[in-house]
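Hi everyone, thanks for making time for this. I'd like to walk you through one structure, starting from a residue in a loop and working outwards. Please have a look at it first.

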Amino acid sequence: MTTSIYRDALSIENGNMHQRTKTDPLHLHKARRLPKALIIGFNKCGTAALRSFLSIHPDIVSPTLELYYFSHNYSRGLEWYKSQMPMSTPRQITIEKNPGYIKELEYMNRIYKFNPYMKLLVIVRNPAVRIQSQYVHNVLKYLHTTGNVSFSEWFDRYPFKKHVIHWSDYASKIRQAFSVFPERQFLIVSNEDLQRDPVFVIRQAERFLDLKPAVTNDVFVFNEKRGVHCFNTSHPFFLSVLDNAQVNTLTGCLVESKGRKHPSYDPQLLQQVVNISLPYVEDLFRLIHKKFDWKYYNT
Ligand SMILES: Nc1ncnc2c1ncn2[C@@H]1O[C@H](COP(=O)(O)OS(=O)(=O)O)[C@@H](OP(=O)(O)O)[C@H]1O
């Protein structure tokens with residue numbers, strides 16, 4: 001049974017669409033539609049790349065901005081949320097991404113109340129590498145307050161173990177989300193797979209979202225300088241991401257803040273990080289019945 005909020009939202013949407021078709025038959029039923037799928041986590045794991053890569057699919061649209069609706073902007077209401085969505089046709093799926101949604105049980109409950117059939121995409125990343133990404137992100141973002149802190153100094157500023165666990169424990173957040181939604185409503189992929197072979201990950205998402213396979217290898221080109229896949233700017237699909245603020249329209253790559261240079265590890269620090277995070281990685285693989293090929297973690 002559809003919950004009331006989702007049903008009401010759908011009827012508002014259908015009502016609007018109906019009016020529009022009656023007055024403007026050439027409008028092709030375009031309207032702003034609420035998401036049927038969300039990318040809910042995790043920070044610094046490639047959520048922007050996953051969102052951007054998926055949004056090139058002809059049957060997917062996605063707002064470029066993170067809207068924080070199920071977290072900080074909940075009081076703004078559904079009509080506000082809907083007004084932030086891009087226009088779409090009835091066959092297109094709208095996907096929003098916010099890596100913070102998976103962090104709080106309350107946010108997951110709000111999503112369930114909105115739509116118990118929501119499809120949820122989660123991207124995870126080798127924790128030892130993810131922490132380097134977090135360091136660069138924090139140091140650049142908070143440089144004015146932190147000063148130029150080295151990678152090992154940065155660890156010293158936090159209770160070290162707690163800090164590593166906080167960023168490595170994907171399993172407890174996924175388990176929490178599994179307590180709200182059935183497991184079949186999740187697709188869990190890895191940043192490493194997305195980096196290595198975007199189409200491999202997009203195929204999984206197409207199947208999960210019940211979409212026809214449409215994204216092929218020629219949509220992407222490997223950019224040697226950035227060391228990641230970027231959009232092939234001469235592919236006709238590229239036109240659909242021209243309004244994506246996170247894509248450089250000249251190079252087809254994600255903006256510079258998505259793919260920064262990482263600091264090198266002191267071997268002892270790396271070993272400590274791996275030792276602390278290993279049980280969390282094992283827990284994750286057990287929970288999701290799937291393993292990712294993560295360097296340093298021979299599980
Ligand atoms: N093309 C491509 N393929 C796969 N992954 C990519 C790609 N481009 C960027 N990235 C990765 O995205 C990392 C940033 O993650 P998020 O977008 O989740 O960051 S954020 O939490 O929203 O700030 C970012 O992390 P850093 O490399 O540490 O900057 C990248 O690993």
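Let's start with Gly259, which sits in the loop between strand E9 (228-231) and helix H12 (267-288). A reminder before we go on: this is a predicted model. Is Gly259 buried, exposed or partly exposed? It has 18 C-beta neighbours inside 10 Å, so it counts as partly exposed; the buried class needs 20 or more. Leaving aside neighbours within four places in sequence, Gly259 is in contact with Arg226, Val228 and Leu254.

Gly259 also turns up in an annotation. An unreviewed UniProt entry lists it under "binding site", along with Arg125, Ser133, Lys258, Arg260, Lys261 and His262.

From that list, let's take Ser133, which lies in helix H5 (residues 127-141). Ser133 has 21 other C-beta atoms within 10 Å, so it is buried. Which residues does Ser133 touch, not counting those up to four places away in sequence? They are Lys44 and His262, and His262 is itself on the UniProt "binding site" list.

Lys44 has a record of its own: UniProt, again in an unreviewed entry, places the feature "active site" there. Lys44 lies in the loop between strand E2 (37-41) and helix H2. Although in a loop, Lys44 counts as buried, because it has 23 C-beta neighbours inside 10 Å. Beyond four places in sequence, Lys44 is in contact with Arg130, Ser133, Gln134 and His137.

Now to the ligand. It is surrounded by 19 residues, and the closest are Asn43, Thr47, Ala48, Ala49 and Ser133. Helix H2 (47-54), H5, helix H10 (191-196) and E9 are the elements that each give two or more residues to this shell. If you like to think in terms of chemistry, the shell has 8 nonpolar, 8 polar and 3 charged residues.

Next, helix H11, residues 198-208, where Pro198, Val201, Ile202 and Ala205 are buried. Where do those buried residues fall, seen down the axis of H11? They fall within an arc of 100°, so they line one face of the helix. The general background is that an α-helix has 3.6 residues a turn, so residues three or four places apart point the same way. On the face of H11 turned away from the buried side, we find the exposed residues Phe200 and Arg207. The cover over the buried residues of H11 includes H2, strand E6 (119-124), strand E7 (186-190), H10, strand E8 (220-223) and E9. Just after H11, Asp210 takes a positive phi of about 60°.

That brings us to the core. The largest nonpolar core has 52 residues, and Leu38, Leu50, Ile111, Val122, Ile123 and Val124 have the most contacts inside it. A second, separate core of 7 residues includes Tyr135, Val164, Trp167 and Val273. Back in the largest core, Ile123 touches, among others, Phe42, Thr47, Leu50, Val189 and Leu194, not counting residues up to four places away in sequence.

Finally, the whole chain. The protein chain has 12 helices and 9 strands, and 31% of its 299 residues count as buried. Of the contacts between residues at least 6 apart in sequence, 72% join residues at least 24 apart.

That's my tour, and I'm happy to take questions.

Key
Residues numbered from 1 in each chain as written. Predicted model: local features only at pLDDT ≥ 70, side-chain atom pairs only at ≥ 80, totals over all residues. UniProt positions renumbered as here; feature names shortened; annotations may be inferred. Helix = DSSP H or I, 4+ residues; strand = E, 2+ residues; numbered from the N terminus. Buried ≥ 20, exposed ≤ 12 C-beta atoms within 10 Å, placed from the backbone. Contact = placed C-beta atoms within 7 Å. Near = placed C-beta within 6 Å. Nonpolar A, V, L, I, M, F, W, Y, C, P; charged D, E, K, R; others polar. Arc of directions from axis to C-beta. Core = buried A, V, L, I, M, F, W, Y, C linked by C-beta atoms within 7 Å.
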